[in-house]
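Student: Can we go through this protein together? I'd like to start with the basics and then look at single residues.

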Amino acid sequence: MCCVSDLLQCEALLPVVVAVAVGGAAMYFVLFHKTSLPAIPFELKPPSESLPGWKSGKLLDQPSIFVEGRPDLIQCFDPATGRSLGQVPATTVDQLNDKLKRARNAQKTWALTTFEQRRQVLRTLNEFVLGHQREICQVACRDSGKTLIDATLGE
């Protein structure tokens, strides 16, 4: 108790002590305060390619993101094994500009949401990530060639 009273008597440290106390109270409120808006449950099945032991993809001789003769496609592959994960369309400049326009419009809608609504979105994402950590890490392993422990610590 004497440590706290000593800190409060030191005028130079008073703003720091107050900031820590207020920050701690705010953090407690944000993290532990029960709200009327619970997380929204949803399911998203991981791709079969992310499952342990998957070996269905064609083994590529010289893995590359480029598809010969097809500049409109991107080759996805597992860097650890060289197996193809499939191909996806490359985004064109027009498609990118359209996506940016839609993102700007979505931001206008997001700006109108309340703190409670935003917290509900974050709570929903948090619960999904915590509940599906293994699947998310398996996707990261397959896509990046990371080990499971590296994906767990880095994703």
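Tutor: What follows is a short walk through the fold, some single residues and the salt bridges. This is a predicted model, so local features need pLDDT of at least 70, side-chain atom pairs count only at pLDDT 80 or more, and totals for chains, interfaces and linings use all residues. Residues are numbered from 1 along each chain as its sequence is written, and side-chain values use heavy atoms, with hydrogens and water left out.

Student: How many helices and strands are there in the protein?

Tutor: Six helices and two strands. Helices (H or I, at least four residues) and strands (E, at least two) are DSSP runs, numbered from the N terminus. The pattern along the sequence is α-α-β-β-α-α-α-α.

Student: What share of the residues count as buried?

Tutor: 16% of the 155 residues. Buried means under 20% relative accessible area, exposed over 50%, and partly exposed in between (1.4 Å probe, protein chains only).

Student: Where is Asp78, and is it buried or exposed?

Tutor: Asp78 sits in the loop between strand 1 and strand 2 (84–89). Asp78 counts as buried because its relative accessibility is 2%.

Student: Which residues is Asp78 in contact with, leaving aside its neighbours within four places in sequence?

Tutor: Arg83, Leu85, Cys141, Arg142 and Gly145. Contact means heavy atoms within 4.5 Å. The side chains of Asp78 and Arg142 also share a polar contact of 3.1 Å. A polar contact is a pair of N or O atoms within 3.5 Å; within protein, one must be able to donate a hydrogen and the other to accept it, and residues adjacent in sequence count only if both atoms are side-chain atoms.

Student: New topic. How many salt bridges does a search of the whole structure find?

Tutor: Four. A salt bridge is a side-chain nitrogen of Lys or Arg within 4 Å of a carboxyl oxygen of Asp or Glu. Side chains of opposite charge can pair when their charged atoms come close. One of the four joins Glu116 and Arg119, at 2.7 Å from N to O.

Student: Where do Glu116 and Arg119 lie?

Tutor: Both are in helix 4, three residues apart, about one turn of the helix. Glu116 is partly exposed at 25% relative accessibility. Arg119 is buried, at 5%.

Student: Which residues of helix 4 are buried?

Tutor: Arg119, Gln120, Arg123, Thr124 and Phe128.

Student: What span should helix 4 have?

Tutor: 24 Å, because the helix has 17 residues (115–131) at 1.5 Å a residue. The expected span is 1.5 Å times one less than the number of residues. The end C-alpha atoms are 24 Å apart, which agrees.

Student: Back to salt bridges. Which residue does Asp98 pair with?

Tutor: Arg102, with the closest N and O atoms 3.6 Å apart. Both lie in helix 3, four residues apart. Asp98 is partly exposed, at 39%.

Student: And which residue forms a salt bridge with Arg70?

Tutor: Asp72, with the closest N and O atoms 2.8 Å apart. Arg70 is partly exposed at 38%, and Asp72 is partly exposed at 37%.

Student: Last one. Where is Phe66, and is it buried or exposed?

Tutor: Phe66 lies in the loop between helix 2 (14–32) and strand 1 (73–77). Phe66 counts as exposed because its relative accessible area is 68%.
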